[in-house]
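Please open the model in your viewer and keep the selection tool at hand. The tour proceeds from the whole chain to individual side chains.

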Amino acid sequence: MEQASHTPPTNKLSTRLALMLAALVAIGPFGIDTYLPAMPAMAAFYDVSTASVQMSISLFFVGFALGQVVGGPVSDRVGRKPVALVGLSIFTLTSLLIIWTTSVEELLLLRFIQALGGGATTVISSAAVRDRYHGRDVAKMLSMVSMIMLMAPMLAPGIGAIALNFFSWQSIFAVLTVYGGLLLLMVVFQLPETNPNPKADGPLVKGILQKYGEVLGTPKAMGFVLCTGFSLGCLFTFLTGSAFTYIEYFGVSTNLYPVLFGSNVLIYMMVNRLNMKLLNRYDPVQLIPIGIAIQLTSMVVFNLVLHFFNPGLPFVYLMITLTISSIGFIAANSTSCTLRYFPHSSGTANAVIGTLNFGLGGVVGILMSLMHDGTLVPIATTMFLVSFLSLVFFIWGMRAPEPEIPGQPSDVQSVPSNSADRVREPADL
């Protein structure tokens, strides 16, 4: 018999649960974007260069990825809530300690530890969705979580700027401390435990490695994972190069830049909403090619026009908007297709997804830095390459053999697609 605190699978989408999971995922963008306006002030306080403070962003990405690597499989063994509680405790405590740092070295260390907690907290979100939902409902719920969470990168820079203008840079980390504390209360008193059967199979390290081997050794699932990662590479490229594109290259004012940036994110949110509606009629795997087609076509047109002409801001804005918003058809649906293969290891599967996404984001950032030549060519080329690789891995995944789903009889796996729990082959599309 399951414990009363566990929440059984359901087909009814819960806006309340989506809000709570989105609040947990928002730790990432809030942890990064809120203090971006304060970097010059922090550099002056520590008496170092701004580049030294910017190192804290890279360390945050690394720590965030490592937090997911550990937190995902541990949540499969002990449950989602304990991992979230530990992760949030680490995030909240380090946010508080950063307020009293006196050197940039202390900042870098605490930002890394802070990210470990944030990554462990975030990784349970998609896993919790997989625990509670099946088939198309997984993709619908992930789209809802993503749509709500995208409010964070829209609001975070403004919150940081307000705190900096009225108080000091330390107040930004006070805000993060309060946010982490509120999330702790939410997890303790409101968030249900969604992992119905936490299992500790053997020693901890051995069990974790076995679960990672299970995920990484499933070609069909990894096709969807890499499809997601490379499509999100376009988003990471945009995030890395947006300030250069809008402010330096086109001379947009710093007041107009947040409007352009925010509108890109807003349209992405709208496509996530459209994706939720379309999932009432189509399977997730049918919508992924639509997003890839929009993304890749936009980048082909962008690169051709950039090669032969000198496009203005309206055209570049349109191409970037189409490319970024198309991820609304790819990310949630590909994640849903991945998680269906791991009903008892969804935390580990989501850790693989998150780690690869952040890893690819780091690679894209390095690639952009190496190729930077003062033009839009590196940005356009990088976005084309990652969108093309997204298509390649989607095709590879679709051609891979259909694995057996643990705990699901083979006859159930072959039911018609209107059950919304089978990934269709290309011939079905």
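The stops below begin with the overall fold and then turn to aromatic rings and the charges over them.

**The whole chain.** The model is predicted. Display the protein chain as a cartoon: 19 helices and zero strands appear. Of its 429 residues, 56% are buried. Among contacts with a separation of 6 or more, 85% join residues 24 or more positions apart. Switching to a surface view shows an accessible area of about 17800 Å², with 70% of it belonging to carbon and sulfur atoms.

**Helix α4.** The aromatic pairs number 14. For one of them, select phenylalanine 60 and phenylalanine 64, which are stacked at 5.6 Å centre to centre with 25 degrees between the planes. Both residues belong to helix α4 (residues 50-78) and lie four residues apart, about one turn of the helix. Both are buried.

**Helix α18.** Next, select phenylalanine 384 and phenylalanine 388, another stacked pair, with 6.3 Å between centres and 20 degrees between planes. These two are also four residues apart, in helix α18 (residues 377-399), and so are separated by about one helical turn. Are they buried or exposed? Phenylalanine 384 is partly exposed, at 28% relative accessible area, and phenylalanine 388 is likewise partly exposed, at 40%.

**An aromatic cluster.** Now select Tyr35, Phe45, Tyr46, Trp169 and Phe173, which together form one aromatic cluster. Add arginine 111: its charged end sits over the ring of tyrosine 35, 4.2 Å from the ring centre.

**A neighbouring pair in sequence.** Finally, select arginine 340 and tyrosine 341; the arginine lies over the face of the tyrosine, 4.8 Å from the ring centre.

Notes: Residues numbered from 1 in each chain as written. Predicted model: local features only at pLDDT ≥ 70, side-chain atom pairs only at ≥ 80, totals over all residues. Heavy atoms only, no water. Buried < 20%, exposed > 50% of the residue type's maximum accessible area, 1.4 Å probe, protein only. Contact = heavy atoms within 4.5 Å. Areas by Shrake-Rupley, 256 points an atom, 1.4 Å probe, with all protein chains shown as cover. Phe/Tyr/Trp six-rings, centres within 6.5 Å; stacked < 30°, edge-to-face > 60°. Lys NZ or Arg CZ within 6 Å of the ring centre and 35° of its normal.
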